[in-house]
Amino acid sequence: MRVDVSSLLSVAWRRTLDMVFPPRCVGCRSFGSFLCSHCLATMPRAQPPRCPVCWMPVLSPAEGPGAGGACRRCRRQPFAFEAARCPFIYDGAAREAVHALKYQGVSAIAEVMARAMAECLDEWKPPVAALLPVPLTGARRRSRGYNQSEMLARELSRLNGLPVATGILVRRRAAQPQARAADEPARRANVADAFAVRRRSSPVGPLLLVDDVMTSGATLDACARTLRGAGYGPVYALTFARED
Ligand SMILES: [Zn+2]
Ligand SMILES: [Zn+2]
């Protein structure tokens, strides 16, 4: 039997950390887990009716799936990905969970977040062959110590057995901070050349981009566009939450 020393060490390290810093729910601050079952059950879910492509809530019946597919925004300026899904709306405990993972170094919360994403994926069933975390720039990754999207992808991979494809896509620069109100073309232009394909590997089949939050979809679009331009794909996207 092959003993995976690094995973044994990581379990031991996690147990040590749990003793020093007992897990505490990011939603209600109760002890016992990073996200308690109550907060998880009451988190705002990204429920249909939504656009089958970008998963934005459908505002009027004229925009809905009944009207023949994608929302007006997707029809006006199509995304390079086939479709995006997420289990939650970026609000309440879902927002706290993302903040804990991204800014407070609570990497262990990725496990429970990925479980919700795996359930969403089971229901959705896109025809994907590999998971591809949205990359960070090298500097950002070093300062945070890890890439939160990669954490989610690795936990997701443990749950559904899909391989994690790293090293294909790299991030050349971070997006400039920009106002929430920035319009769609401005958002897309801001990240348009932020990614690059590092090397052409053997065909990997349809890819699932993994990220923590989808805001306008511009980042996922830029990743998908870069991948498609290099002959990869089709590309789907799964995030933990989205801003409605
Ligand atoms: Zn809680
Ligand atoms: Zn849409």
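**Exercise 1. Classify Cys-28 and Cys-25 of this predicted model by accessibility: is each buried, partly exposed or exposed?**

Step 1. Take Cys-28. Its relative accessibility is 40%. Buried means under 20% and exposed means over 50%, so Cys-28 counts as partly exposed.

Step 2. Take Cys-25. Its relative accessibility is 0%, so Cys-25 is buried.

**Exercise 2. Describe the zinc site: which atoms bind the zinc ion (ligand 1), and in what arrangement?**

Step 1. Find the donors. They are the SG atoms of Cys-25, Cys-28, Cys-36 and Cys-39. Their distances to the zinc ion run from 2.3 to 2.4 Å.

Step 2. Read the spacing in sequence. The donor residues follow the pattern C-x2-C-x7-C-x2-C.

Step 3. Check the angles. The four donor atoms subtend 104 to 115° around the zinc ion, so the arrangement is tetrahedral. The ideal angle for four tetrahedral donors is 109.5 degrees.

**Exercise 3. Trace the largest nonpolar core: which residues touch the most other members, and which elements supply the core?**

Step 1. Pick out the best-connected members. The core has 42 residues. Leu-35, Ile-109, Met-113, Leu-208, Val-210 and Phe-240 touch the most other members.

Step 2. Assign elements. Helices 4, 5 and 7 and strands 6 and 7 each give at least two residues. Helix 5 gives the largest share, nine residues.

Step 3. Follow one member. Leu-35 has contacts with residues including the zinc donor Cys-25. Among its other contacts are Leu-40, Met-43, Ala-97 and Val-112.

**Exercise 4. Work through the salt bridges: which side chains pair, and how accessible is each partner?**

Step 1. Start with the total. The whole structure holds nine salt bridges.

Step 2. Look in helix 7. Arg-154 meets Glu-150 at 3.4 Å, N to O. The two lie four residues apart, about one turn of the helix. Arg-154 is partly exposed at 39%, while Glu-150 is buried at 16%.

Step 3. Look in helix 9. Asp-221 meets Arg-225 at 3.0 Å, N to O. This pair, too, is four residues apart. Here Asp-221 is buried at 4%, and Arg-225 is partly exposed at 45%.

Step 4. Turn to Asp-244 and Arg-242. Their side chains meet at 3.1 Å, N to O. Asp-244 is partly exposed at 38%, and Arg-242 is buried at 1%. Arg-50 joins both in a network of salt bridges.

**Exercise 5. Locate the buried residues of helix 8: where do they lie around its axis?**

Step 1. List them. Glu-184, Arg-187, Arg-188, Asn-190 and Val-191 are buried.

Step 2. Look down the axis. The buried residues fall within an arc of 155°, so they line one face of helix 8.

Step 3. Name the neighbours. These residues pack against helix 3, strand 4, strand 5 and helix 9.

Key. Residues are numbered from 1 along each chain as its sequence is written. Chains are lettered from A and ligands numbered from 1 in the order in which they are written. This is a predicted model: local features need pLDDT of at least 70, side-chain atom pairs count only at pLDDT 80 or more; totals for chains, interfaces and linings use all residues. Side-chain values use heavy atoms; hydrogens and water are left out. Buried means under 20% relative accessible area, exposed over 50%, partly exposed in between (1.4 Å probe, protein chains only). The arc is that of the directions from the helix axis to the C-beta atoms. Contact means heavy atoms within 4.5 Å. A nonpolar core is a set of buried Ala, Val, Leu, Ile, Met, Phe, Trp, Tyr and Cys residues joined through side-chain atoms within 4.5 Å. Donors are N, O and S atoms within 2.8 Å of the metal (3.2 Å for Na, K and Ca); water is not among the atoms, so sites may look incomplete. Four donors count as tetrahedral if all angles lie between 85 and 135 degrees; four count as square planar and six as octahedral if opposite donors are over 155 degrees apart and all others between 65 and 115; anything else is irregular. A salt bridge is a side-chain nitrogen of Lys or Arg within 4 Å of a carboxyl oxygen of Asp or Glu. Lists of a residue's contacts leave out its neighbours within four places in sequence.
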